Amino acid sequence: MKVKRLKRANRLLTFYKYNYKFVAPYRVLVDGTFCNAALQEKLNLAEQIPKYLTEETHLMTTNCVLKELEKFGPLLYGAFVIAKQFEIAECTHSTPRAASDCLAHLARRAASGKTKYLIATQDDELTEKLRAIVGTPIMYIKFKTVLLDNISEATKAGCSKEESEIKKLKELKNALIGQQELKKKKKKKGVNPLSCKKKIMKASVDIVRTGERTASGKRKRTKKKGSSMDEE
């Protein structure tokens with residue numbers, strides 16, 4: 001079961017890596033409900049989540065989450081202590097908002113920004129909001145272990161839209177390249193100037209022996225100029 005769980009996590013993460021540019025170290029935003037569930041199940045989140053994702057991981061929360069947990073006092077004091085151990089992600093809310101609204105806000109920003117978050121929550125209402133936000137991985141605790149939620153329909157649709165646009169761009173590029181190659185083929189080639197150059201006829205010199213002899217007894221030789229081409 002453990003091997004299947006890790007294979008499933010790897011398959012889901014590969015999808016988010018390829019389609020939504022998630023890279024390690026992963027940033028996991030946790031809320032109070034997730035911390036409380038971990039406390040009840042006696043899970044060490046700082047140990048279990050990086051092991052499950054098999055990559056370096058930064059566990060994070062927000063000031064809005066901490067303020068909300070603090071309001072509950074002794075009821076959620078244990079979850080508050082756990083959440084305080086994590087890094088604080090800037091949420092830009094000067095006035096604290098409900099934890100679910102804060103995390104949903106960060107998830108929407110992450111969908112169109114460079115900083116990507118995995119959201120860890122047990123809140124069903126927040127989970128439904130997150131499933132409507134494209135490219136948002138959701139984590140939850142079940143069967144005393146940490147799990148990644150299935151890919152939402154909105155995330156699948158967003159991925160298909162991007163793939164369709166990329167395909168159209170490739171088709172347009174191939175069409176333009178094809179037109180350029182066709183123009184090159186249709187372009188008339190000029191006459192090679194070297195083929196029109198007149199041939200230079202070299203004069204040949206024939207040595208003709210005459211019957212006359214010199215004082216030494218050798219025959220005289222006279223040079224006869226002529227063309228290498230036969231006279232018509």
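Tutor: Before we start, a handy term: a residue counts as exposed when its relative accessible area is over 50%, and as buried when that area is under 20%. Also keep in mind that this is a predicted model.

Student: Okay, let's try that out. Is lysine 21 buried or exposed?

Tutor: Find lysine 21 in the loop between H1 and S1. Its relative accessible area is 68%. The cut-off for exposed is over 50%, so lysine 21 is exposed.

Student: What is the phi of lysine 21?

Tutor: Most residues other than glycine have a negative phi. Lysine 21 isn't a glycine, and yet its phi is positive, at about 60 degrees.

Student: Which residue in the loop between H2 and helix H3 has a positive phi too?

Tutor: Look at the loop that runs from H2 to helix H3 (45-53). The residue there is exposed, with a relative accessible area of 77%. Its phi is about 60 degrees although it is not a glycine, and its name is lysine 42.

Student: Back to the loop between H1 and S1. Which two residues does a cis peptide bond join?

Tutor: Most peptide bonds are trans. This one has an omega of about 0 degrees. One partner is the proline in the loop between helix H1 (2-20) and S1, and the joined pair is alanine 24 and proline 25.

Student: Let's zoom out. How many helices and strands does the protein have?

Tutor: The protein is 232 residues in all, and 33% of them count as buried. As for its elements, there are 8 helices and 8 strands.

Student: Which helix gives the most to the largest nonpolar core?

Tutor: That core has 56 residues, and among those touching the most other members are Val28, Leu45 and Leu118. The helix giving the most to this core supplies 7 residues and spans residues 99-112: helix H6.

Student: Which residues is leucine 118 in contact with, leaving aside its neighbours within four places in sequence?

Tutor: Leucine 118 is one of the core residues that touch the most other members, along with Met139 and Leu148. Setting those close sequence neighbours aside, its contacts are Leu13, Phe22, Tyr26, Arg27, Val28, Leu29, Leu53, Pro137, Met139 and Leu148.

Student: Now H2 and H5. Why are they called roughly perpendicular to each other?

Tutor: Helix H2 (residues 32-40) and helix H5 (residues 77-84) pack with their axes 8 Å apart. Angles of 65 to 115 degrees count as roughly perpendicular. H2 and H5 therefore fit that label, with an angle of about 110 degrees.

Student: How many charged residues does the contact of H2 with H5 have?

Tutor: H2 brings Gly32, Cys35, Asn36 and Leu39, while H5 brings Gly78, Ala79, Ile82 and Ala83. By class that makes 5 nonpolar and 3 polar residues, and the charged ones number none.

Student: Is lysine 84 buried or exposed?

Tutor: Lysine 84 lies in helix H5, and its C-alpha is 8.1 Å from that of threonine 61, although the two are 23 residues apart in sequence. Its relative accessibility is 54%. Since the cut-off is over 50%, lysine 84 counts as exposed.

Student: Last one: which residues of helix H4 are buried?

Tutor: Helix H4 covers residues 63-71, and just after it glycine 73 takes a positive phi of about 60 degrees. Its buried residues pack against S1, H2, S2, H5, S3 and H6. They are Cys64, Val65, Leu66 and Leu69.

Conventions:
Residues are numbered from 1 along each chain as its sequence is written. This is a predicted model: local features need pLDDT of at least 70, side-chain atom pairs count only at pLDDT 80 or more; totals for chains, interfaces and linings use all residues. Side-chain values use heavy atoms; hydrogens and water are left out. A nonpolar core is a set of buried Ala, Val, Leu, Ile, Met, Phe, Trp, Tyr and Cys residues joined through side-chain atoms within 4.5 Å. Buried means under 20% relative accessible area, exposed over 50%, partly exposed in between (1.4 Å probe, protein chains only). Helices (H or I, at least four residues) and strands (E, at least two) are DSSP runs, numbered from the N terminus. Contact means heavy atoms within 4.5 Å. Axes are lines fitted to C-alpha atoms, for helices over the stretch in contact, and angles run from 0 to 180 degrees between N-to-C directions. Angles under 35 degrees count as roughly parallel, over 145 as roughly antiparallel, 65 to 115 as roughly perpendicular and the rest as oblique. Ala, Val, Leu, Ile, Met, Phe, Trp, Tyr, Cys and Pro count as nonpolar, Asp, Glu, Lys and Arg as charged, and the others, Gly among them, as polar.
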